[in-house]
Amino acid sequence: MLGQVIVSGILSGALYAMVALGLALIFGVMRVINIAHGPLLMLGAYCTWLLYVGLGLNPLLTVPVSMAVLFVIGLVLQRTLVFRVVDAPELSSLLLTFGVSIAIVNLAQLVFTSDLRAVEYITGSWVIGRLAFSKPRVIAFLFALGVTALAFLFLQRTRLGKAIRATSQSREVAMVCGIDVGRVHMFTFGLASALAAAGGALLAVIVAIQPEMGGVWTFKSFLVIVLGGAGNYPGALLGGMLLGLVEQLASLFLTTQLSEVVAYVLLVVVLLVRPSGLLGGRQT
Amino acid sequence: MKRAVLLALGVTVVALAVYPALGTGYGVRSALQTFMWIALAGSWNIISGLTGYVSFGHVAFFGAGAYAGAILVTSAGWPWPVAALAGGVAAILLALIIGYPCLRLKGPYFAIAMLGLNEVLRALVSYFEGLTGGGNGLSLPTLDASVPIYYVMGLLAVAVTGAAYLIVTSRFGLRLMTIREDEVAAEAMGIDTFHHKLGALLLSAVGPGIAGALMARDQGYIEPLSVFPLATTVTMIVMVLFGGKGTVWGPVLGAVVLFIAQELVWARYPYVHPLLFGAIIVLVVLAMPRGVLGLLQMRYRLPRTI
């Protein structure tokens, strides 16, 4: 039983890590907590659903498409609205992205209605020994790992990736070195939205989707970056796995209903005991 | 000038005091709701407008008060005015539990913790079915008390606004605003920022707690979805931002104007309501961060304590 819990925890943990990495990037680079992160994930899920229902595309092939669409939406959001509050007090950026998130959810309700939508792709599980591996979750896990690995490779190896890390270490020094910080901000927001979209697209295969599914993801992504240490990108991986495990353990010992409560208690306890995250400090 | 303002205030209070004897049921109900919004918006303003710590889940205090009040009325048979006070106490306790870990840190931790609090309380209420009735909700014994509740809610609105005035004009309020402008500088000046923020949060939780218990009594029935809607928090925030955050009369102005607008105009378009509110938030943050009252203050050199 415990083995099963660990398997399920790790499977969902990779998804948490990938989505949270997006939020962590925006926070690291701009010091902005994007409340609209979850709603952007929801838009990614609807992209996949539209392509699946409209064009009959294989849901896994839609993942890059959803990511590309949301990348552009993210760029536009940053270019039109968010860049205006990057240097403003925290209050402004929190409220602005909150307003954007309400508007996005409402637009989705108008366009897609509040009905539950599902992308039926693969069902069932592989059974190995006494452990069951839910097929859609394993596929989502592998995709999430792949996307996260690519994102890290991009951050480590490419010029733009290095510019992003440099900007999150010190914006002033990055500017002095000739980095176009405005462009880095735009690209970061696009990349973060694309990571959220990947999460949404993979989630569409696992669970039913609806316009209000995003809110809880903003919260969970934030919890993941608190666990890993704010501004610490590798920490997001650890935080994601940890959140997945804790939620699964909670549903084993308590009820599934309370798994969100447990995640919340986890946030409060971590803030009390180790506010700088489990890995501590900034490490980009 | 000052005398004229006080006179106008006095006339308004007297008119509202005799209104239930003259007005229609609908009118009294609308006025009661306006009082509630004034109390809610004014309370949100104390933590978020003055201190700059955004609470995205203030409705949690409203809901906690509603459940505490309703449970005490139904299970313990408390009279509703006492239960309403107990609702305020329940909200304070909740604020302590959340504020203690989250306000010790700077930055958005508090905002996000409040964002999640709503869902958590809803899940807890559904889980402890024996006490709260779970998803079936909780029915209070029938009692027609809308006129007394009208007066109590009116008092609450006055109390919250009065408290805001006292805070803004006090050293405590000045320190809160210092935290908002620059928390590091505030600390360097010797302000105990944690306890000031916590104090502001507790003060801002009482009003919604009492208002929640009063609304539960007035409506006679509560369920998780009706007392923990995200929309209530959104409305509070929009009202304060529109009127002018960090001012005494901004939340009152925002609550009255937006409630009337909502009843007269937007009630016909319920589907785009959130879109409109989202757009107002974005516009106010970008174009007039200090709200209508802030604009007037700058234009006419009005005192800061208005």
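# A walk through a two-chain model

The largest nonpolar core has 194 residues, and A:Ala197, B:Met153 and B:Ile281 have the most contacts inside it. A nonpolar core is a set of buried Ala, Val, Leu, Ile, Met, Phe, Trp, Tyr and Cys residues joined through C-beta atoms within 7 Å. Buried means that 20 or more other C-beta atoms lie within 10 Å of the residue's own; exposed means 12 or fewer, partly exposed lies in between, and C-beta atoms are placed from the backbone. Helix α1 (residues 2–30) of chain A gives the most to this core, with 16 residues. Helices (H or I, at least four residues) and strands (E, at least two) are DSSP runs, numbered from the N terminus.

This is a predicted model, in which local features need pLDDT of at least 70 and side-chain atom pairs count only at pLDDT 80 or more, while totals for chains, interfaces and linings use all residues. Residues are numbered from 1 along each chain as its sequence is written, and chains are lettered from A and ligands numbered from 1 in the order in which they are written.

Start with A:Ala197. Two residues are in contact if their C-beta atoms, placed from the backbone, lie within 7 Å. Leaving aside neighbours within four places in sequence, the contacts of A:Ala197 include A:Leu40, A:Gly44, A:Cys47, A:Met67 and A:Leu70.

Now step back to the whole of chain A. Chain A holds 11 helices and two strands. Along the sequence, their pattern reads α-α-α-α-β-β-α-α-α-α-α-α-α. Of its 284 residues, 52% count as buried. The C-alpha trace spans about 55 × 45 × 35 Å along its principal axes. Among contacts in chain A between residues at least 6 apart in sequence, 77% join residues at least 24 apart.

One pair shows how the chain folds back. A:Leu249 lies in helix α10 (residues 233–253) of chain A. A:Leu249 and A:Val5 are 244 residues apart in sequence, but their C-alpha atoms are 6.3 Å apart in space. Is A:Leu249 buried or partly exposed? A:Leu249 is partly exposed, because 17 other C-beta atoms lie within 10 Å.

Next come the two strands. Strand β1 (residues 125–128) of chain A runs antiparallel to strand β2 (residues 131–134) of chain A, and four bridges join them. Strands pair if DSSP finds at least two bridges between them. A:Ser125 has A:Ser134 as its bridge partner, and A:Val127 stands opposite A:Ala132. The two strands form a hairpin with two residues between them. In the turn, A:Gly129 has a positive phi of about 65°.

Where do the chains meet? Here, 34 residues of chain A are in contact with 33 residues of chain B. On the chain A side, α4 (90–112), α9 (215–228) and α11 (259–273) each give two or more residues. The largest share, 15 residues, comes from α4(A).

Helix α4 of chain A also helps to cover buried residues of α14(B), together with α12 (230–243) and α15 (291–300) of chain B. Those buried residues include B:Phe277, B:Ile281 and B:Val285. An α-helix has 3.6 residues a turn, so residues three or four places apart point the same way. B:Ile281 takes us back to the start, as one of the residues with the most contacts inside the largest nonpolar core.
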